[in-house]
Amino acid sequence: MKTPNVLLLSLAISIALSACSGDKAPKPAPEAPKADATVIKAELPPLAAFNVGDLDTSKNACTNLADFVNSKWLAANPVPADKTSWGSFEMLDERAEAASKLLVEAAATKKDASGLEKLVGDIYATGMDDAAIEAAGITPIKPMLDRIDALKTPADIAGYLREEFAAGRGEVFGFYPQPDFKNSDMVIAYADQGGLSLPEKAYYLEDGPNGKYKTIRESFVAHVAKQLENAGVAADAAQQQAKDVLALETRLAKASFSPIELRDPKRQYHLVSVADVDKTSPNFSWSDFLAANGLKVEKFSLSQPQFFVEFNKMLAEVPVDQWQAYLRINAIDGMAPFLASKFNDERFDFYAKTLRGQQEQKARWKRVLDSVEASSGEALGQLYVKEYFPAESKAEMEKLVGNLREALKARLEKLDWMSPETKAKAMEKWASFTPKIGYPDKWRSWDGLATSRDGYVQNVLAASKFNHAYQMAKIGKPVDRTEWGMTPQTVNAYYNPLMNEIVFPAAILQPPFFDPKADPALNYGGIGAVIGHEMLHGYDDQGSQFDAKGNFNNWWTASDSKGFKERTTKLVKQFDNYAAIDGLHVKGELTLGENIADLGGLTVAYDALQKALADAGKSGDEKIDGFTEDQRFFLNWATVWRRNFTPDELKVRLNTDPHAPANFRAIGAPSNMPAFATAFSCKPGDGMVRPDPTRVVIW
């Protein structure tokens with residue numbers, strides 16, 4: 001599902017491909033009273049805390065920090081069959097899922113549940129009723145398929161798309177609210193390129209390494225044909241329709257920007273008047289589309305104009321039966337996780353197993369929980385924080401954020417390559433950072449969303465329509481700066497340049513990131529570096545194009561901009577040189593923003609640690625488990641980035657993920673920091689010591 005805000009700059013991406021199978025539903029648990037946090041926590045999976053016993057002492061930290069810290073652990077912890085990656089993030093995900101499971105099961109078995117408990121309980125209970133789901137077969141989406149079968153003209157196609165978006169689904173492109181790039185106090189509508197089933201355009205237009213993309217295309221056609229047959233389409237017709245779907249998506253791909261191209265904010269914003277765009281789009285009335293979505297606006301962002309020019313042409317030029325095939329498979333695959341097992345299993349086999357190397361589906365309860373998260377995640381989050389987020393964690397985080405802010409301020413003030421004019425603007429942006437910790441100060445309302453125990457698909461569709469209306473209602477209104485872009489139970493963090501805010505959900509505030517009882521080095525090397533990372537996104541190659549108010553506005557002098565580009569280009573080259581798998585390298589341009597944030601964030605966190613130690617009257621030379629505070633700082637940074645991937649998952653991420661693979665994040669920033677070499681007594685020529693000409697210093 002498309003992320004509503006393409007500029008949310010998150011710490012990491014966690015791919016979750018959920019689909020339902022014919023697993024037997026467990027017997028309902030007995031009704032329980034309000035959960036007791038200490039009891040619940042005893043039932044959760046283990047934490048991923050730093051442990052000296054995990055270190056591989058046969059390796060040398062000065063050669064490769066990631067190998068020294070993680071190689072032993074990674075060898076002993078392969079990717080589980082129901083996942084495509086496994087590491088610190090996934091271990092915390094497991095805890096968040098287990099905690100959430102206890103909450104939704106209690107809600108589902110509570111006979112007199114109301115409010116939030118009824119909402120999440122209804123969705124979870126109907127999702128776990130696999131007998132009813134199997135019995136229903138394809139019946140729940142038959143009205144959609146009948147509607148597609150009845151389409152006769154290009155105007156009918158346009159009308160169907162309007163209806164789909166209004167129902168909270170939608171195909172071909174993305175449509176969502178977001179602050180105006182040029183007036184960040186107001187929310188406008190954005191229409192973005194989309195419509196592709198494969199990871200990005202190259203999978204349609206190139207054969208790929210060793211013919212990999214060509215093979216994936218062939219597998220995609222086979223998948224579409226099989227899924228259409230599951231829905232009752234004759235085999236020969238299904239095969240032809242599958243080829244038609246690939247041809248249609250290939251045309252969309254040719255009109256699309258690549259992930260690297262889309263990193264440029266100029267390609268994410270193109271304000272147009274509705275009147276003007278209607279003149280250039282005779283086959284798709286944007287006036288009618290906006291009206292169908294309850295909107296009365298004069299302007300919106302048609303963010304990639306060339307894509308929508310092609311879309312308009314395709315409505316007239318692509319035969320209606322080819323459009324029907326495309327819309328049909330989108331309807332089936334889009335709803336497959338909520339349908340009978342043959343639909344879900346087929347979807348899993350292609351998107352998870354073939355494309356990403358996941359060998360088994362997740363347990364049914366986890367897949368249903370994914371549905372609860374997608375449809376009512378903040379409602380579940382409100383229940384989650386009552387049980388799992390202690391007040392002292394928020395207080396300690398506020399202190400850490402304050403310390404990191406001061407450390408960043410000091411670095412900005414001392415920059416020797418930036419002019420006073422640009423530096424003043426950078427300081428203005430620093431002063432306006434807004435931190436959000438744990439959970440929203442104001443929870444959204446779910447009034448008006450009616451759920452029941454009548455059926456899984458009915459609940460999912462009701463939630464989709466309700467949430468779409470909730471999003472559309474923001475357009476044309478002032479920005480609500482209390483709103484969050486992640487739920488509290490999400491193991492991640494983000495920076496939003498349009499709000500100039502840094503956000504840390506409750507679930508990430510656990511080891512190895514954060515532990516109120518840990519020594520300062522571990523917290524500064526964990527959550528401290530994360531705080532710094534998110535702050536530095538405000539000054540990466542994307543965030544630096546937005547000012548203190550969140551507006552897309554150039555605040556750089558020409559000479560400073562040139563100097564910044566020279567420094568970041570060196571970082572691009574560093575990551576381009578990292579070989580990940582089968583001769584495939586990291587894409588330095590794709591991952592640049594995250595790499596800038598890692599380097600700057602870790603540097604600022606190190607400075608903050610030094611001040612904290614000094615304030616506590618400590619030298620930092622005191623050892624814990626045989627390591628100094630400086631060493632433990634870097635050791636925990638690497639612990640955060642321990643992660644195994646399936647080969648196929650890693651290959652997809654190299655093409656699509658703006659984050660470099662974890663092992664390179666573990667070593668990239670430290671290798672540019674003299675403090676690391678000093679901490680471990682590394683020498684020139686060691687793998688983790690970059691010579692001055694290639695060492696990158698930005699912030």
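**Pockets, sheets and unusual backbone sites**

Helix α21 (residues 558–576) contributes six residues to the lining of the second largest pocket, the most of any element. The model described here is predicted. This second largest pocket encloses about 630 Å³ of space. Its lining consists of 23 residues, and those closest to the centre are D541, Q542, Q545, F564 and K565.

Closed spaces were also sought. General reasoning supports such a search: rolling a probe the size of a water molecule over the atoms shows where empty space is left. Across the whole structure, two cavities of 30 Å³ or more are found. The second largest cavity has a volume of about 50 Å³. Its lining is made up of Y203, K212, Y213, I216, L355, D648, K651 and V652. Two or more of these lining residues come from each of α9 (212–230) and α24 (647–656).

One open sheet contains four strands in the order β3-β4-β6-β5, and its pairing is mixed. The edge strands are β3 (173–180) and β5 (271–273), each of which pairs on one side only. From one strand to the next, the twist averages 35°. Strand β4 (residues 183–193) and strand β6 (residues 299–302) run parallel and are joined by two bridges. Here A191 stands opposite L302 in β6. Helix α13 (residues 305–317) packs on this sheet and touches β3, β4 and β6. The direction of α13 makes about 45° with that of β4.

Another open sheet of four strands follows the order β1-β8-β9-β7, again with mixed pairing. Strands β1 (9–10) and β7 (434–438) stand at the edges. Each has a single partner strand, so one side of each is left without a neighbour in the sheet. Two bridges pair β1 with strand β8 (residues 494–496) in the antiparallel sense. L9 has Y495 in β8 as its bridge partner. Helix α17 (residues 391–414) lies across β7 and β9 (501–505). With respect to β7, α17 runs at about 155°.

Helix α19 (residues 456–472) allows a simple check of length. At 1.5 Å a residue, its 17 residues should span 24 Å. The end C-alpha atoms of α19 are 24 Å apart, which agrees with that expected span. The buried residues of α19 are Y456, V457, N459, V460, L461, A463, F466, N467, H468 and M472. As a general rule, an α-helix has 3.6 residues a turn, so residues three or four places apart point the same way.

The backbone also holds some less common geometry. In general, most residues other than glycine have a negative phi, and most peptide bonds are trans. P511 and P512 are joined by a cis peptide bond, with omega about 10°. P512 is found in the loop between β9 and α20 (520–537).

Two asparagines have a positive phi. In N210, phi is near 55°. N210 sits in the loop between α8 (202–205) and α9. In N500, phi is about 50°. N500 belongs to the loop between β8 and β9. Which of the two states, buried or exposed, applies to N210? The relative accessible area of N210 is 83%, so N210 is exposed. N500 has 1% relative accessibility and therefore counts as buried.

Note on methods
Residues are numbered from 1 along each chain as its sequence is written. This is a predicted model: local features need pLDDT of at least 70, side-chain atom pairs count only at pLDDT 80 or more; totals for chains, interfaces and linings use all residues. Side-chain values use heavy atoms; hydrogens and water are left out. The expected span of a helix is 1.5 Å times one less than its number of residues. Buried means under 20% relative accessible area, exposed over 50%, partly exposed in between (1.4 Å probe, protein chains only). Two strands pair if DSSP finds at least two bridges between them. Axes are lines fitted to C-alpha atoms, for helices over the stretch in contact, and angles run from 0 to 180 degrees between N-to-C directions. Contact means heavy atoms within 4.5 Å. On a 1 Å grid over the protein atoms alone, a cavity is a set of points where a 1.4 Å probe fits but cannot get out, and a pocket is an open set with protein on both sides within 12 Å along at least five of seven lines; lining residues have an atom within 4 Å of a point. Grid points are joined across faces, edges and corners, and a volume is the space filled by probe spheres set on the points.
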